[in-house]
Amino acid sequence: MIDALASGLSSQGGWVLVLPCVAALVGASVQRTTGFGFGFIAGAGMLSVFNPIVAVVYTTIANVFLSGVSAWQLRQDINYRVTWLLVIWLGVGTIAGLAVIGIALRWWLQSLALVVTFWSIYQGVSAMRARHRKSLGAEAAEPPSASWPSASVPGILAGFLGTCLAIPGPPVIGYLMRLGMSPSVVRATLLAFFSLSSLSRLIVFPFLFAMPTFNVVVLTLIVTATIIGTVFGVILSRIVPENWFAYINLSALTGSAIVLLGALVIHFTSSGF
């Protein structure tokens, strides 16, 4: 049993919880509005205070509340076939992530996440350009259909990155946009996928990590901030036009890439490279 959650939080004072709680609130608002953003926004806030395993556990538990409730509210828009294709491959990536989470170097995981994020941005931009050409009446290649082989790479990467860094979104969002789905279907399918992926990790976490009792208070604060952010997201989703979702998601991916790149620069600078 790995006592991964036994951190020195209590000695740092309660004020350090402000950043992860604010990050959870903002991330929940963004994800409920467009379907993506909680992992890297909340994850960045958690990583600034907790060690990587602690951050993953807290972000995962909060995401179960956020994505589960949101997916149920938007269940009529979910593409269930694509969701299950991704979830089955997700299991492979989750197993791989669990095998290395305690030994992998953080900079190595962040480097992989950065490459995947750039790849997803490329896929998303390509999908938007194809949709724009089609709207103008120009010839454009038909979007690919979902299949076992095509879902394998994004599903496995999502499971691996979700387990190790709590950011399963980048490989999946680029894939869904490439399939030519409408923004509302992309949002609902992402939320359904996130709820199932978070739940799958949550099932195995208790067998791997010991949870000290004082962290129940911390978890309660983070989940409360997530619920408040979800309410704000519901309000924003009624205001933000649907055709903005793709641009917001690409902006979120770009923000994720900037955060990951900044973390790598800080790591190598402080290490003297």
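The following dialogue examines how several descriptions of this predicted model are justified.

Biologist: What makes up the fold of the protein chain, in helices and strands?

Modeller: The protein chain has 11 helices and zero strands. Read along the sequence, the pattern is therefore α-α-α-α-α-α-α-α-α-α-α. Of its 273 residues, 50% count as buried. Among contacts between residues at least 6 apart in sequence, 86% join residues at least 24 apart.

Biologist: Why is Gly-45 called buried?

Modeller: The relative accessible area of Gly-45 is 4%. Buried means under 20%, so Gly-45 meets the criterion. Its place is in helix α3. Leaving aside neighbours within four places in sequence, Gly-45 is in contact with Leu-19, Pro-20 and Ala-23. The C-alpha atoms of Gly-45 and Gly-27 are separated by 9.7 Å, and these two residues are 18 apart along the chain.

Biologist: Why is helix α3 described as largely enclosed by the rest of the structure?

Modeller: Helix α3 covers residues 38-47, and seven of its 10 residues are buried, so the description follows. The buried residues are Phe-38, Gly-39, Phe-40, Ala-42, Gly-43, Gly-45 and Met-46. They pack against α2 (18-34), α4, α10 and α11.

Biologist: How do you know how the span of α2 stands against the expected value?

Modeller: Helix α2 has 17 residues and reaches 24 Å from its first C-alpha to its last. The expected span is 1.5 Å times one less than the number of residues, which gives 24 Å for α2, and the computed reach is close to that value. Among the buried residues of α2 are Pro-20, Cys-21, Ala-23 and Gly-27. After α2 comes Gly-35, whose phi is positive, near 100°.

Biologist: Is Ser-70 buried or exposed, and how do you know?

Modeller: Ser-70, found in helix α4, has a relative accessible area of 0%. The limit for buried is under 20%, so Ser-70 is buried. Beyond its neighbours within four places in sequence, Ser-70 is in contact with Arg-32, Leu-191 and Thr-230.

Biologist: Why is Ile-239 given the opposite label, exposed?

Modeller: The relative accessible area of Ile-239 is 61%. Exposed means over 50%, so Ile-239 is exposed. Ile-239 is found in the loop between α10 and α11.

Biologist: What makes up the nonpolar surface patch of about 730 Å²?

Modeller: The patch is made by Phe-65, Ile-227, Ile-228, Val-231, Phe-232, Ile-235, Leu-236 and Ile-239. Helix α10 (residues 215-237) gives the most to this patch, with six residues. As for the protein chain as a whole, about 12,400 Å² is exposed, and carbon and sulfur atoms supply 72% of that area.

Biologist: Which residues have the most contacts inside the largest nonpolar core?

Modeller: This core has 47 residues, and those with the most contacts inside it are Phe-36, Val-82, Leu-86, Tyr-175, Leu-176, Leu-190 and Phe-193. Helices α4 (52-73), α5 (80-100), α6 (106-135), α7 (148-165), α8 (169-178), α9 (183-208) and α11 (245-270) each supply at least two of its residues. Apart from this core lies another, of 18 residues, among them Leu-17, Ala-42, Val-54 and Ala-225.

Biologist: Which residues are in contact with Phe-193, leaving aside its neighbours within four places in sequence?

Modeller: Phe-193 is in contact with Thr-83, Leu-86, Val-87, Leu-90, Ala-158 and Val-172. In soluble globular proteins, nonpolar side chains tend to be buried together.

Methods. Residues numbered from 1 in each chain as written. Predicted model: local features only at pLDDT ≥ 70, side-chain atom pairs only at ≥ 80, totals over all residues. Heavy atoms only, no water. Core = buried A, V, L, I, M, F, W, Y, C linked by side-chain atoms within 4.5 Å. Buried < 20%, exposed > 50% of the residue type's maximum accessible area, 1.4 Å probe, protein only. Helix = DSSP H or I, 4+ residues; strand = E, 2+ residues; numbered from the N terminus. Contact = heavy atoms within 4.5 Å. Patch = residues over 30% accessible without salt bridge, like charges linked within 9 Å, V, L, I, M, F, W, Y side chains within 5 Å. Areas by Shrake-Rupley, 256 points an atom, 1.4 Å probe, with all protein chains shown as cover. Salt bridge = Lys/Arg side-chain N within 4 Å of Asp/Glu carboxyl O.
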